[in-house]
Amino acid sequence: MLQTFFLFLIMEKLSIAIQKSGRLSEQSLELLEESGIKLANGNRKLLSAARNFPLEAVFLRDDDIPQYVFDKVTDVGIVGENVVKEKGHELQIIERLGFARCRLSIALPKGETYSGIGDLDGKRIATSYPEILGTYLHENHLDCEIHEISGSVEIAPGIGLADAIFDIVSTGSTLISNGLREVEVVMQSEAVLVANKELSIPVRQILDKLIFRIRAVQKSKNNKYILLNAPNEKLDDIAAILPGMKSPTIMPLAEEGWSSVHSVLNENDFWDVIDKLQEHGAQGILVVPIEKMIT
Ligand code: PRT
Ligand code: ZN
C-alpha cells in the first residue's frame with residue numbers, strides 16, 4: 001500500500017500548456033529552458049515530456065489554454081493576460097512573465113475629432129475581444145454596437161464594417177498604416193503563468209519548484225552585477241549609492257588606498273547609479289549579466 005503511494009508520488013507530473021506557434025511560443029520555451037528544464041522533443045508535437053524535471057508540455061492554440069487549465073486538462077499554462085480576461089475562467093495568475101507586452105485599445109479613423117470617452121457612445125466597434133470591451137463600455141455607461149470579428153480587425157472601419165476598433169496594440173504601426181488613431185487604452189497585458197485553483201499537493205509542490213526557478217530567472221534578467229574600483233576615502237559615499245542584495249562587497253586592491261567594490265544593480269536604476277558612481281570617483285566600472293539570482 002505504502003509502496004503504491006510512493007510510486008504514485010514518483011509518477012506525478014506538472015502539465016503545462018504552451019502556445020504551439022505564435023508570439024508566445026519561443027519565449028515560453030526559452031523560459032523553461034532557462035529554468036533548467038529540457039524538453040524531450042523540441043519539435044513540438046502535441047506532448048513533450050521533460051527529461052530532467054517532472055513536467056509535461058502540451059502545445060495548444062493560445063485561445064484554448066484558459067479553458068484547458070480550468071478543466072484541469074493541464075495544471076498550468078502560459079498565455080496572454082488579455083486572453084485570460086476575455087475567456088473569463090476563474091484561474092490563478094501565478095506570475096507575470098514580462099514578455100508579449102501589449103495593450104488593448106480603442107482606435108478611431110485618424111481624421112475624426114475626439115474630445116473624450118462620451119464621443120464613443122452609439123458607435124459600432126469591431127473587435128475579437130467582445131467580453132473585455134463589453135465590460136469596459138458597461139462600466140463607462142456607453143451604449144455601443146459590438147461587432148465580433150476574428151482577424152484583421154484594423155481593416156473594419158476602412159471597409160465600412162465599423163466606426164471604431166478595439167484591438168491589441170504593441171508598437172502602434174498597424175493602426176497608423178490603417179489610418180487609425182488610438183484614443184483609449186483599456187488594459188495592459190503581458191504573458192502570465194496561470195494555474196488551476198485546485199491542484200493536488202504533489203502537483204503544487206512541483207509547481208512551487210518551477211515558480212522558484214522562474215523567479216530566479218526573472219530576477220537575473222532585471223539585475224546586473226557591477227564591479228568597480230574606488231579610492232578608500234570615497235567608499236562610504238559609493239556604498240550609499242549602491243543598493244546591492246544586502247550591502248556591497250568591498251575588498252582591498254593591491255594598490256594602496258584603493259578598494260574593489262562588487263554589488264548588484266537593478267536595470268531600472270542603472271544609468272542613474274552609474275552617473276552618480278562616476279561623480280563620486282568610481283573607476284574601472286565593469287557590468288556583467290547575472291545568469292541566475294536566488295535571494
Ligand atoms: O494561433 P494562435 O491562436 O495560438 O495565436 P494568435 O494568432 O491568436 O495569437 P498571437 O501569437 O498573434 O498572439 C499571442 C499573444 O501575444 C496575444 O494574445 C497577446 O497577448 C500578445 N501580443 C503581444 C500580441 C501583440 N503583442 C501584437 N502586436 N498579439 C497580437 N499582436 C498583433 C495585433 O493583433 C495587431 O494586429 O499585432 C498587431 C499590432 O501590433 P503593432 O506593433 O503594429 O501595434
Ligand atoms: Zn489565438
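# Contacts and burial, step by step

Author: An oxygen atom of ligand 1 lies 2.7 Å from an N or O atom in the side chain of Asn 82. This model is predicted.

Reader: Why is the pair between ligand 1 and the side chain of Asn 82 called a polar contact?

Author: The cut-off for a pair of N or O atoms is within 3.5 Å. The pair with Asn 82 is at 2.7 Å, and therefore it counts as a polar contact.

Reader: Which side chains have an N or O atom 2.8 Å from an oxygen atom of ligand 1?

Author: One is the side chain of Gln 19, at 2.8 Å. Another is the side chain of Asp 63, also at 2.8 Å. Set these against the limit of 3.5 Å, and both pairs therefore count as polar contacts.

Reader: How much of the accessible area of ligand 1 does the protein cover?

Author: Ligand 1 has 840 Å² of accessible area on its own, and the protein covers 78% of it.

Reader: Where does ligand 1 sit?

Author: In the largest pocket. To sit there, more than half of the atoms of a molecule must lie within 2 Å of the grid points of the pocket. Ligand 1 is assigned to that pocket, so it meets this test.

Reader: Which elements give two or more residues to the shell around ligand 1?

Author: Helix H4 (81-87), strand E9 (164-169) and helix H6 (173-177). The largest share, three residues, comes from E9. In total, 21 residues surround ligand 1. Asn 82, Ser 170, Thr 171, Gly 172 and Thr 174 are the closest.

Reader: Take Val 169, which is in strand E9. Why is Val 169 called buried?

Author: Buried means under 20% relative accessible area. Val 169 has 3%, so it is buried.

Reader: Which residues does Val 169 contact beyond four places in sequence?

Author: Cys 102, Arg 103, Ser 105, Leu 175 and Glu 182. The C-alpha atoms of Val 169 and Gln 188 are 9.6 Å apart, with the two positions 19 residues apart in numbering.

Reader: Ser 105 is on that list. What makes Ser 105 buried?

Author: Its relative accessibility is 2%, and the limit is under 20%, so Ser 105 is buried. Ser 105 lies in strand E6, residues 102-109.

Reader: What makes the pair of side chains Ser 105 and Glu 182 a polar contact?

Author: The distance is 2.6 Å. That is within 3.5 Å, and within protein one atom must be able to donate a hydrogen and the other to accept it. The pair is listed as a polar contact, so it passes both tests. Contacts of Ser 105 farther along the sequence than four places also include Ile 165, Phe 166 and Asp 167.

Reader: Back to Asn 82. Which side chain makes a polar contact with the side chain of Asn 82 at 3.1 Å?

Author: That of Ser 189. Ser 189 lies in strand E10, residues 180-189. Among the other residues that Ser 189 touches are Gly 80, Glu 81 and Ala 100.

Reader: Why is Ser 189 called buried?

Author: Its relative accessible area is 4%, against a limit of under 20%, so Ser 189 is buried.

Reader: Last one: Tyr 68, in helix H3. Is Tyr 68 buried, exposed or partly exposed, and why?

Author: Buried needs under 20% and exposed needs over 50%. Tyr 68 has 30%, so it is partly exposed. Tyr 68 touches Leu 60, Val 73 and Thr 74, leaving out residues up to four places away in sequence. Its C-alpha atom is 7.9 Å from that of Ala 17, 51 residues away along the chain.

Methods
Residues numbered from 1 in each chain as written. Chains lettered and ligands numbered in written order. Predicted model: local features only at pLDDT ≥ 70, side-chain atom pairs only at ≥ 80, totals over all residues. Heavy atoms only, no water. Helix = DSSP H or I, 4+ residues; strand = E, 2+ residues; numbered from the N terminus. Buried < 20%, exposed > 50% of the residue type's maximum accessible area, 1.4 Å probe, protein only. Contact = heavy atoms within 4.5 Å. Near = heavy atom within 4 Å. Areas by Shrake-Rupley, 256 points an atom, 1.4 Å probe, with all protein chains shown as cover. 1 Å grid on protein atoms, 1.4 Å probe; cavity = no way out; pocket = protein on both sides within 12 Å on 5 of 7 lines; lining within 4 Å.
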